Amino acid sequence: MVNRPPEILEIKSDTSELKKVEDFLEDIFERYNLSKKHFNKLYLCVSEAVINAVKHGNRNDLSKFVTVKIICLTNELSVCIEDEGEGFDCSEIQNPTVKENIRKESGRGIFIIKTITENIEFNEKGNCIQFKINCSE
């Protein structure tokens, strides 16, 4: 894989837009001839982040947008998902696997992303998540 300019998709704050996200990712995999074995891992993380951005970031406000940016780097994909919301303090995310949180429904998406990806980061405002997915064979 050769370094390329970013691929950018902007969607409305509506979970029905997830099909556009899936099509966007499939197109990137096809154009850059990426191994399909990495697709499900990428789609799971991106869809979790987009759902969080729509529901928690933009609070389902259809006047706000979510931006998905993918940069194809050598052996990895760099992903950035940003919403137009107020942001949040990522240090307040509780571990969903500890006993007192096991029945809580929130926090699982970020936990999944942290488990699957590398170099997860949030911007200072807390309305943008960035992570990398290894695509080496």
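## Close-ups of a predicted model

**View 1. Phe39 and Tyr43 share a helix.** Helix H2 is home to both Phe39 and Tyr43, which sit 4 residues apart, or about one turn of the helix. Keep in mind for this view and the others that the model is predicted. The two rings make a stacked aromatic pair, with 6.1 Å from centre to centre and 5 degrees between the planes. Is Phe39 buried or exposed? Its relative accessibility is 9%, so Phe39 counts as buried, the cut-off being under 20%. Phe39 has a charged visitor too: the charged end of Lys36 sits over the ring, 5.7 Å from its centre.

**View 2. Phe29 meets Phe39 edge-to-face.** By the rule used here, the model has 3 aromatic pairs. One of them is Phe29 with Phe39, an edge-to-face pair with 5.3 Å between centres and 85 degrees between the planes. Phe29 belongs to helix H1 and Phe39 to helix H2 (residues 39–57), so this pair ties together parts that are 10 residues apart in sequence. Both Phe29 and Phe39 are buried. Put Tyr43 back into the picture and you get one aromatic cluster made of Phe29, Phe39 and Tyr43.

**View 3. Arg31 reaches Glu7.** Side chains of opposite charge can pair when their charged atoms come close. The salt bridge count for this model comes to 5. In one of these, Arg31 joins Glu7, and the closest N and O atoms are 3.0 Å apart. The link spans distant parts of the chain, 24 residues apart: Arg31 is in helix H1 (residues 18–31), while Glu7 is in strand E1 (residues 7–12). How do the two ends compare for exposure? Arg31 is partly exposed, with a relative accessible area of 43%, whereas Glu7 counts as buried at 14% relative accessibility. While you're here, look at Tyr32 as well: Arg31 lies over the face of its ring, at 5.3 Å from the ring centre.

**View 4. Arg31 also pairs with Asp27.** Which residue meets Arg31 in a salt bridge of 2.8 Å, N to O? That would be Asp27, through its side chain. Arg31 and Asp27 are 4 residues apart in helix H1, so about one helical turn separates them. Asp27 is partly exposed, with a relative accessible area of 36%. Through shared partners, salt bridges join Glu7, Asp27 and Arg31 into one network.

**View 5. Asp23 and Lys19 pair up within helix H1.** Here's another salt bridge, with the closest N and O atoms of Asp23 and Lys19 2.9 Å apart. Both residues lie in helix H1, 4 residues apart, which is about one turn of the helix. Asp23 is partly exposed at a relative accessible area of 36%, and Lys19 is partly exposed at 47%.

**View 6. Strand E3 pairs with E2 and with E5.** How many residues of strand E3 (residues 76–82) are buried? The count is 6 of its 7 residues, so the strand is mostly covered. E3 runs antiparallel to strand E2 (residues 65–73), and 7 bridges join the two. Among the bridge partners, Cys80 in E3 matches up with Lys69. The hairpin of E2 and E3 has 2 residues between the strands, and in it Asn75 takes a positive phi near 65 degrees. E3 is also joined by 7 bridges to strand E5 (residues 128–134), again antiparallel. Here you'll find Ile81 standing opposite Ile129 in E5.

Key
Residues numbered from 1 in each chain as written. Predicted model: local features only at pLDDT ≥ 70, side-chain atom pairs only at ≥ 80, totals over all residues. Heavy atoms only, no water. Buried < 20%, exposed > 50% of the residue type's maximum accessible area, 1.4 Å probe, protein only. Pairing = 2+ DSSP bridges. Salt bridge = Lys/Arg side-chain N within 4 Å of Asp/Glu carboxyl O. Phe/Tyr/Trp six-rings, centres within 6.5 Å; stacked < 30°, edge-to-face > 60°. Lys NZ or Arg CZ within 6 Å of the ring centre and 35° of its normal.
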